[in-house]
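Here are a few exercises to work through with the structure open beside you. Try each task before you read its solution.

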Amino acid sequence: MHNRKEYLRQLLHTENWSATEQEWMLQYLEENDLSDLEAVAKEYFQAEGPEIKNLLDERLSARLLKKIHRRAGISQPGIFALYGRKIAAAAAVVLLAGASWYLLVRQQVKQLVMSSGNQHKTVTLPDGSMVYLEKSSSITYPENFGKKNRTLQLNGEAFFDVKQNSKHPFVISSALINTTVLGTSFNMEARNNGVAKVVVVSGSVQVNTRTGETSPQHQLVLGANKSAVYHAASRGLELIDATDDARFFRQKQSGKFTYKGQPLSAVLNDLQRFYNVPVSADKKMERCSFFGDFNTTDDLQETLTIIAVTLNASIKKDANGNGYVIVDGNCH
């Protein structure tokens with residue numbers, strides 16, 4: 001008795017079948033258990049190689065089915081009338097399963113999703129690039145990221161420190177804009193509010209709207225300390241100076257904010273931005289110069305206490321109870 005799988009394998013690699021082989025195949029296709037043919041069909045699809053990737057599974061199955069039919073003589077009127085369409089249907093089901101399995105395995109690349117939730121999160125991509133996710137942000141990228149391309153999708157806000165690779169540009173896709181870089185660091189914000197923003201800290205990037213147009217309204221190349229802002233209402237890009245934004249992101253990534261005489265209003269603006277908590281001071285103190293620093297790991301209240309001490313001031317909750325106000329101080 002034949003080892004059925006081996007025999008099937010042999011038949012599929014034999015150009016001309018004898019009458020006995022044809023009869024065996026026809027009888028086999030009449031059986032309920034076609035698992036051996038399914039297994040051999042999978043091997044067949046694998047052996048075809050990557051050139052079949054662009055074929056639809058129906059075309060691929062039809063090609064293999066036609067080969068079996070021709071070799072089994074099913075196209076001959078007498079034999080087809082004897083076994084009917086049941087054979088063809090059974091074989092087609094098996095072969096389509098084989099093709100679908102192959103295409104699923106070869107073409108479906110697993111997508112990885114990294115979400116920050118309520119925390120900041122750092123992600124190291126397979127190519128060595130770093131992504132610093134803000135709260136409520138996520139990136140999605142293929143499991144084989146970096147092997148053929150470096151494209152990922154951003155939802156929310158993140159700072160990117162990209163490893164240089166001239167063969168595979170780094171592309172960040174979002175609902176509103178795409179950003180392409182070769183090697184640089186920048187911040188990109190693409191939340192679901194109709195506004196997207198890119199701030200370049202070092203190097204350069206190219207920002208495109210998703211229209212595919214190349215006019216300045218739809219495509220900009222940015223250097224350090226520049227920003228591109230997209231508004232859904234105008235459907236275009238705006239180039240603006242971002243020296244202060246770039247400084248903020250640069251110090252944030254370093255883990256320390258340092259001030260050498262900057263006005264208190266600028267310091268409080270950084271604190272509010274970093275901690276996402278409203279922070280203000282009495283009008284008369286906004287222009288007071290501040291010398292000092294704070295680390296990104298410091299507690300907000302402790303930092304405000306240090307500032308208040310230097311101004312002979314105190315801290316209280318704001319009217320809404322959500323933020324803080326520095327009051328009753330002076331610039332000396």
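**Exercise 1.** Sort the residues that line the second largest pocket into nonpolar, polar and charged: how many fall in each group?

*Solution.* Start with the outcome: the lining divides into 4 nonpolar, 4 polar and 3 charged residues. The sorting counts Ala, Val, Leu, Ile, Met, Phe, Trp, Tyr, Cys and Pro as nonpolar, Asp, Glu, Lys and Arg as charged, and the others, Gly among them, as polar.

Before going on, note that this is a predicted model, where local features need pLDDT of at least 70, side-chain atom pairs count only at pLDDT 80 or more, and totals for chains, interfaces and linings use all residues. Residues are numbered from 1 along each chain as its sequence is written, and side-chain values use heavy atoms, with hydrogens and water left out.

Next, look at who is there: the lining includes His 120, Lys 121, Tyr 132, Glu 134 and Lys 252. Strand 2 (121–124), strand 3 (130–133) and helix 6 each give at least two lining residues. (Helices, H or I with at least four residues, and strands, E with at least two, are DSSP runs numbered from the N terminus.)

**Exercise 2.** Now do the largest pocket: which residues lie nearest its centre?

*Solution.* Of its 18 lining residues, Glu 134, Glu 157, Arg 191, Lys 252 and Arg 273 lie nearest the centre. Sort the whole lining and you get 5 nonpolar, 4 polar and 9 charged. Helix 6 (243–254) and helix 7 are among the elements that each supply at least two of these residues.

**Exercise 3.** How do helix 7 and helix 8 run relative to each other, roughly parallel or roughly antiparallel?

*Solution.* First, get the angle: the axes of helix 7 (residues 264–275) and helix 8 (residues 300–310) come within 12 Å and cross at roughly 175°. Axes are lines fitted to C-alpha atoms, for helices over the stretch in contact, and angles run from 0 to 180 degrees between N-to-C directions. Then apply the cut-offs: under 35 degrees is roughly parallel, over 145 roughly antiparallel, 65 to 115 roughly perpendicular and the rest oblique. Helix 7 and helix 8 are therefore roughly antiparallel.

Finally, check who touches whom, with contact meaning heavy atoms within 4.5 Å. Leu 264, Val 267, Leu 268, Leu 271 and Tyr 275 in helix 7 meet Leu 300, Thr 303, Leu 304 and Ile 307 in helix 8. That contact splits into 8 nonpolar, 1 polar and no charged residues.

**Exercise 4.** Where is Val 277 found, and which residues is Val 277 in contact with, leaving aside its neighbours within four places in sequence?

*Solution.* Val 277 sits in the loop between helix 7 and strand 15 (279–281). With those neighbours left aside, its contacts are Gln 272, Leu 300, Asn 322, Gly 323 and Tyr 324. The C-alpha atoms of Val 277 and Gly 323 are 5.7 Å apart, although 46 residues separate the two along the chain.

Definitions and conventions. 1 Å grid on protein atoms, 1.4 Å probe; cavity = no way out; pocket = protein on both sides within 12 Å on 5 of 7 lines; lining within 4 Å.
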